[in-house]
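Hi,

Here is the structure I promised to pass on to you. Have a look at it first, and then read on for what turned up in it.

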Amino acid sequence: MTTATAGETGRASSAAHVAHNYNPLPVIAEYAAGAWITDTDGRRYLDMLGAYSAMNFGHGHPRLVAAARAQLERMTLVSRAFDHNLLGEFAARLTALTGTEMMIPMNTGAEAVETAIKIARKWAYEVKGVPDGRAEIIVAAGNFHGRTTTIVGFSDDPGARNGFGPYTPGFISVPYGDADAVARAVTPNTAAVLLEPVQGEAGVIIPPPDYLPAVRRLCTERGVLFVADEVQSGLGRTGTTLAVERVGVTPDLVVLGKALGGGIVPVSAVVGRREILGVLRPGQHGSTFGGNPLACAVGLAVVELLSDGYFQRRAARLGDVLAEQLNRLRGRGVNQLRTAGLWAGIDIDPELATGRQICERLATRGILAKDTHGSTIRLSPPLVIEEDELVWAVGELGAVLAELESNRGVRR
């Protein structure tokens with residue numbers, strides 16, 4: 001394997017003129033292909049983050065690039081003031097893939113979550129009969145649904161929430177994984193329960209297997225919408241098209257993003273039942289770029305890649321390899337770990353190192369990963385990664401942990 005040494009690179013970083021809302025590793029990417037990124041000094045890194053699942057199909061997948069290039073030469077934007085020849089086909093193919101009936105196209109994941117919130121509230125007022133202005137949405141502790149002012153208002157992450165108030169009312173937070181807590185929170189004014197089937201930003205937190213089915217039954221019984229945020233977990237990441245399929249659950253609305261744009265353009269959507277999305281009428285919600293021809297061309301190519309189940313099966317198979325390799329590190333610097341398909345959250349012994357320190361050391365070995373919440377690192381490599389690359393990456397993580405443990409022994 002080709003490794004790299006992180007450090008000074010041949011071109012200026014973004015630090016001088018870009019707001020410091022990120023703290024990137026000292027790597028300046030210039031080129032990427034498949035599961036590999038090359039920096040401005042020609043050093044190569046195995047991408048074990050995959051842009052938080054946006055790069056499910058790898059960097060520069062030829063079919064996605066070809067679709068984008070062909071559409072660039074035809075038409076990129078007409079806005080929804082007019083129709084165009086790809087939107088209807090994209091909607092039909094995406095709803096068929098997800099087993100739904102209707103979709104509304106947007107751009108970013110956060111936009112799509114906001115769209116789902118608006119739809120759920122409007123449905124509550126027009127269909128369920130909730131008094132105007134009284135609709136409530138139940139969310140889960142540890143959630144991450146984006147960074148708009150509405151969404152951070154129901155986050156319990158101080159870094160995302162603090163300093164951005166006043167916050168939008170109408171959200172009730174309950175513990176994640178506790179269906180009884182959801183049941184206790186439901187009132188006649190409850191419009192929806194909004195959940196991530198797997199909490200990605202929280203560290204790939206996987207709920208008990210009976211949790212989502214119990215929430216689905218509860219929502220059906222109490223006349224509440226079940227909204228699944230699959231922006232990170234959807235489109236093959238967990239070994240199924242949607243993560244809810246792992247436990248046999250069908251939500252009323254599903255939020256999609258990231259991988260839907262193939263890492264080329266921002267593409268998101270809310271898909272679901274016709275009678276729910278049908279509450280929207282002209283002028284009540286929109287987006288200049290949502291559903292644009294370029295987005296639809298790329299989105300169609302993404303749907304085509306997923307249509308035969310190849311990437312879902314690949315994620316499931318390689319996910320087993322990832323879990324097997326990581327399990328060997330339990331008790332060797334890894335306190336806990338969780339995997340769902342080709343997705344892992346790894347809790348590092350906090351006495352050994354922070355997640356950031358682990359990621360910095362991995363970068364010197366040619367591996368890019370991301371920390372979260374102190375001592376946890378996340379792995380979500382492109383689904384095109386090869387098995388030997390995956391094994392090598394986990395082996396390098398093991399070497400970093402062993403090195404830190406050895407240093408700790410010397411300090412003692």
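A disulfide here is a pair of cysteine sulfur atoms within 2.5 Å. By that criterion the structure, which is a predicted model, holds 0 disulfides. In general, a disulfide is a covalent bond between the sulfur atoms of two cysteines. Two cysteines deserve a word anyway. Cys-219 has a relative accessibility of 2%, so it counts as buried. Cys-359 is buried as well, with a relative accessible area of 1%.

Cys-219 brings us to helix 7, where it is one of the buried residues. The helix covers residues 211-222, and its 12 residues should span 16 Å at 1.5 Å a residue. The C-alpha atoms at its ends are indeed 16 Å apart, so the expectation and the model agree. Besides Cys-219, the buried residues of helix 7 are Tyr-211, Leu-212, Pro-213, Ala-214, Val-215, Arg-216 and Leu-218. What lies over them? The cover includes helix 6 (179-185), strand 7 (190-195) and strand 8 (225-229). Just after the helix comes Gly-223, with a positive phi near 65 degrees.

Helix 10 is another one to look at. It runs over residues 310-327, and its 18 residues reach 26 Å from the first C-alpha to the last, close to the 26 Å expected at 1.5 Å a residue. Its buried residues include Phe-311, Leu-318, Val-321, Leu-322 and Leu-326, but also the polar names Gln-312, Arg-314 and Gln-325. As background, an α-helix has 3.6 residues a turn, so residues three or four places apart point the same way.

Now to the sheet. There is an open sheet of 4 strands in the order 1-2-3-13, with mixed pairing. Strand 1 (29-33) and strand 13 (367-368) are at its edges; each has a single partner strand, so one side of each has no neighbour in the sheet. Strand 1 runs antiparallel to strand 2 (residues 36-39), and 4 bridges join them. Within this pairing, Tyr-31 has Thr-38 of strand 2 as its bridge partner.

On to the aromatic residues: a search of the whole structure gives 5 aromatic pairs. In one of them, the rings of Trp-36 and Trp-392 have centres 6.2 Å apart and planes at 25 degrees, so the pair is stacked. This pair ties together distant parts of the chain, since Trp-36 is in strand 2 and Trp-392 in helix 12 (residues 387-411), 356 residues apart. Both Trp-36 and Trp-392 are buried. For Tyr-176 and Tyr-211, the ring centres are 5.5 Å apart and the planes stand at 75 degrees, so this pair is edge-to-face. It too links distant parts of the chain: Tyr-176 sits in the loop between strand 6 (171-174) and helix 6, while Tyr-211 belongs to helix 7, 35 residues apart. Tyr-176 and Tyr-211 are both buried. There is also one aromatic cluster formed by Phe-57, Tyr-310 and Phe-311.

Which side chain does His-145 meet in a polar contact of 2.7 Å? The partner is the side chain of Asp-229. His-145 is in the loop between strand 5 (136-140) and helix 4 (149-152), and its relative accessibility of 3% means that it counts as buried. Leaving aside residues up to four places away in sequence, His-145 touches Ala-110, Val-113, Ile-151, Phe-154, Leu-194, Leu-195, Glu-196 and Asp-229.

Finally, a few backbone details you may want to check by eye. Most residues other than glycine have a negative phi, and most peptide bonds are trans. Against that background:

- The peptide bond from Gly-165 to Pro-166 is cis, with omega near 5 degrees. Pro-166 lies in the loop between helix 5 (158-161) and strand 6.
- Ser-79 has a positive phi near 65 degrees, though it is a residue other than glycine. It is in the loop between helix 1 (62-72) and helix 2 (87-98), and is partly exposed, with a relative accessible area of 24%.
- His-373, also not a glycine, has a positive phi of about 50 degrees. It is found in the loop between strand 14 (370-372) and strand 15 (376-379).

Happy browsing, and best wishes!

Terms used: Residues numbered from 1 in each chain as written. Predicted model: local features only at pLDDT ≥ 70, side-chain atom pairs only at ≥ 80, totals over all residues. Heavy atoms only, no water. Helix = DSSP H or I, 4+ residues; strand = E, 2+ residues; numbered from the N terminus. Expected span 1.5 Å × (residues − 1). Buried < 20%, exposed > 50% of the residue type's maximum accessible area, 1.4 Å probe, protein only. Contact = heavy atoms within 4.5 Å. Pairing = 2+ DSSP bridges. Polar contact = N/O pair within 3.5 Å; in protein donor to acceptor, adjacent residues only side chain to side chain. Phe/Tyr/Trp six-rings, centres within 6.5 Å; stacked < 30°, edge-to-face > 60°.
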